[in-house]
Amino acid sequence: MDEPKPDPAPVLNLLNAFRSSQALFVAVELGIFEILQASNSPTSLEELRDRVAHRQGQPISPDGLDRLCRTCVALGLIHSPSSGLFALTPVAETYLVASSSTSLVGYCTHSAQVVWPLFGDLSTAVASGSHVWQQAFGQPGSDVFGRIYSTPAAVLRFLRGMHSFAALSATSVVTAFDLSFATSLVDLGGATGALARAACESYPTLRSAVVVDLPHVVADARAHFAPPPGGPCDGRLSWLAADFFAEPEALPQQVDVVVLSRILHDWDLPRCQQLLALAYRLLRPGGLLLVAEMLLDADRAGPLPVLLQDLNMLCQTHGRERSAAEYSRLLGDAGFVGCEARKTGSYLDAVMARKPAGPHGAGDNTLHGSV
């Protein structure tokens, strides 16, 4: 008798996975979740079709829309209280409506317009060991963020996507280690300020949290992501427009904490060394470097979301994801000591290390590397 065959479900689920992602992306693009939220009550297919058609400026097939909506019901994104009626689920209302403070709409759009085409040429990325901007978009990838920030709309789309992920993890990251000693913090490449804001809210003794990013990013961050006046961040959270690679002298010096959140994973080793040298320079002796990244397991065989993100880095950047041991070596080579890593249980994990407070740290203005 033949041995029983293994369950094909893992393979079949993977075969269907990209279809689920595309259904999500198209539902976001058509504004289905926004329309259902505005309705405040279950909406008929006919009414939904009319509103989608008005929003898109073109006719929408009722059959095509019905198929998409029923698929979204099966995916748990909307529900159907009765045949032909659709309404939001709590998950969609929390994460798939642009007005939500935890919205992932920006990253859905970024994934559909940028990540999806890049991942479509994963085979080339694997074969070459490099990103595939040229193949996917006909543009060189020497400046990845030049492509992502190519238009004002692209900047805002990317920032909204990154902000939602940062906000999901920010409090877990800034409380993974005790930062109550700090009165000053600089977040290099902090964009919308989600992590710096969480630090201000978590540590009342933090007097200054400065987010450094490019001028057009800072303009959008101030306009769209600054916390409302009168809150706990008032007078403490600010933005500084600067290219920290080119203008290190313009940045705050002798600070207690420097943050690198989802920055090191974007770059190759020489650029990471340059970034860490800059962080070392900005810190006071005994100051703390806080790195927020997804951590690979010690054997680098998981977790799956980090491995998939590592492939994402292969397709679209010069960088990679790393394990705690790899970050320890990277930071140690840059002159930092006492490296610790902690899984936070959220999307991003935390790694910390200190600039030495002894003879090599006190009064030491030389760089470990070059800036």
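**Sheets, a crossover and salt bridges in a predicted model**

Over residues 362-371, pLDDT stays under 50. For this stretch the model has 23 contacts beyond four places in sequence. Where pLDDT is low, the predicted coordinates should not be read in detail. The structure is a predicted model. Across the protein chain, pLDDT averages 91. A score of at least 70 is reached by 94% of the residues.

An open sheet is built from 3 strands. Their order is 1-3-2, and the pairing is antiparallel. Strand 1 (43-44) and strand 2 (78-79) stand at the edges. Each has a single partner strand, so one side of each is left without a neighbour in the sheet. Strand 3 covers residues 85-88. Strand 3 pairs with strand 1 in the antiparallel sense, over 2 bridges. In this part of the sheet, S44 stands opposite L85 of strand 3. A helix also meets these strands. Helix 2, made of residues 32-39, lies across strand 1, strand 2 and strand 3. Helix 2 runs at about 90 degrees to strand 3.

Strand 8 comes next. Strand 8 spans residues 283-293 and is mostly covered. Of its 11 residues, 9 are buried. Strand 8 pairs with strand 7 (residues 255-261) in the parallel sense. This pairing runs over 6 bridges. Within it, L260 stands opposite V291 in strand 8. From strand 7 the chain passes through helix 13 (residues 269-282) and then reaches strand 8. This β-α-β crossover is right-handed. Strand 8 also pairs with strand 12, which holds residues 349-354. Here the sense is antiparallel, again over 6 bridges. One bridge joins L290 to its partner M352 in strand 12. Strand 8 thus has a parallel pairing with strand 7 and an antiparallel pairing with strand 12.

Charged side chains were examined as well. Side chains of opposite charge can pair when their charged atoms come close. The count comes to 9 salt bridges. Among them is the pair of R51 and E47, with the closest N and O atoms 2.4 Å apart. Both residues lie in helix 3 (residues 45-56). R51 and E47 are 4 residues apart, about one turn of the helix. R51 has 34% relative accessibility, so R51 counts as partly exposed. E47 counts as partly exposed too, because its relative accessibility is 32%.

The side chains of D50 and R49 meet in another salt bridge, at 3.3 Å from N to O. D50 has a relative accessible area of 45% and is therefore partly exposed. R49 is partly exposed, with a relative accessible area of 26%.

A further salt bridge is formed by K343 and D297. The closest N and O atoms of K343 and D297 are 3.2 Å apart. This pair links distant parts of the chain, as K343 and D297 are 46 residues apart. K343 sits in the loop between strand 11 (337-342) and strand 12. D297 sits in the loop between strand 9 (295-296) and helix 14 (304-316). Relative accessibility is 47% for K343, so K343 counts as partly exposed. D297, at 29% relative accessibility, also counts as partly exposed.

Note on methods: Residues numbered from 1 in each chain as written. Predicted model: local features only at pLDDT ≥ 70, side-chain atom pairs only at ≥ 80, totals over all residues. Heavy atoms only, no water. Pairing = 2+ DSSP bridges. Contact = heavy atoms within 4.5 Å. Axes fitted to C-alpha atoms, helices over the stretch in contact; angles between N-to-C directions. Buried < 20%, exposed > 50% of the residue type's maximum accessible area, 1.4 Å probe, protein only. Right-handed = clockwise from strand over helix to strand, strands pointing away. Salt bridge = Lys/Arg side-chain N within 4 Å of Asp/Glu carboxyl O. pLDDT = per-residue confidence, 0-100.
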